[in-house]
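Here are some friendly notes to read with the structure open beside you. Take the points one at a time and find each residue as you go.

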Amino acid sequence: MARMARALVLPVAMAAALLLVATVFMEGAAAATYTVGAPDGLWDMQTDYAQWVKTKTFHPGDKITFTYSAELHDVVEVSRAGYEGCSSANNISASRTGNDVVALTAVGARYFLCGLTGHCDSGMKIRVDVVAAASAAPGPASSASSSAPSSCIIAGGVVAAALHLMQHAVVAQPLWW
């Protein structure tokens, strides 16, 4: 019976290590897509965007979708000054499809408003703060000189730990010894 238990240690350790590595990679690769204002609203003059954005955490790789009537609204990305002054002059970009998808590619604040007269002043504007994904591994991932994504660094640490476990696992012996 002891031999059977020893024979299972290595395969179980390997399976656990592989599962852990797969989980880390899936978490790092999972990007979210948010529909602005959903589930109770859309890109309109009735939705409380300050309240909606408080319930979300945006990360690089996420996307936000603005769904609205193209005849009634638009989506204009502006600077902070444009956002604060409800001005779409000197905008960064403007969209008018009614189903506009914006990729959040980097950490920082992004500002959007409806450029139609009076809509921004009525609250049709949103600030999206994109924050770095939390890292489970201290050290090189937080270094400014590191160019590897944190998910790679974390996975590297997991792989090293799995290899360590496998090196120290009891080597299985055939049951007929």
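**Notes on strand 3 and its surroundings**

1. Let's begin with a pairing: Val78 has Tyr111 as its bridge partner in strand 6. Keep in mind as you look that this is a predicted model. The two strands involved, strand 3 and strand 6 (residues 108-113), run antiparallel and are joined over three bridges.

2. Strand 3 has another neighbour to find. With strand 4 (residues 93-95) there is also an antiparallel pairing over three bridges. Here Val76 is matched with Ala94 of strand 4.

3. Now look at the two faces of strand 3 (residues 75-78). Which residues lie on each side? Val75 and Glu77 are on one side, Val76 and Val78 are on the other, and all of them are buried.

4. Next, try helix 3 (residues 80-85), where you will find Ala81. Is Ala81 buried or exposed? Ala81 is exposed, because its relative accessibility is 57% and the cut-off for exposed is over 50%. The C-alpha atom of Ala81 lies 9.4 Å from that of Tyr111, and 30 residues separate the two along the chain.

5. On to the nonpolar cores. In soluble globular proteins, nonpolar side chains tend to be buried together. The largest nonpolar core here has 19 residues, and the members touching the most others are Trp43, Phe58, Ile64, Phe66 and Ile126. Helix 2 (49-54), strand 2 (63-67) and strand 7 (125-130) each give two or more residues to this core. There is also a second, separate core of six residues, with Val76, Tyr111, Leu113 and Cys120 among them.

6. Cys120 deserves a second look. Its sulfur atom is 2.1 Å from that of Cys86, and the two form a disulfide. The link is left-handed, with -70° about the S-S bond. Distant parts of the chain are linked by this pair: Cys86 sits in the loop between helix 3 and strand 4, while Cys120 sits in the loop between strand 6 and strand 7, 34 residues apart. Cys120 counts as buried because its relative accessibility is 5%, and buried means under 20%.

7. Finally, what about Cys114? Cys114 takes part in no disulfide, and the nearest cysteine sulfur, belonging to Cys120, is 8.4 Å away. That distance is too long because a disulfide needs sulfur atoms within 2.5 Å. Cys114 is buried too, with a relative accessible area of 2%.

Notes: Residues are numbered from 1 along each chain as its sequence is written. This is a predicted model: local features need pLDDT of at least 70, side-chain atom pairs count only at pLDDT 80 or more; totals for chains, interfaces and linings use all residues. Side-chain values use heavy atoms; hydrogens and water are left out. Helices (H or I, at least four residues) and strands (E, at least two) are DSSP runs, numbered from the N terminus. Buried means under 20% relative accessible area, exposed over 50%, partly exposed in between (1.4 Å probe, protein chains only). A nonpolar core is a set of buried Ala, Val, Leu, Ile, Met, Phe, Trp, Tyr and Cys residues joined through side-chain atoms within 4.5 Å. Two strands pair if DSSP finds at least two bridges between them.
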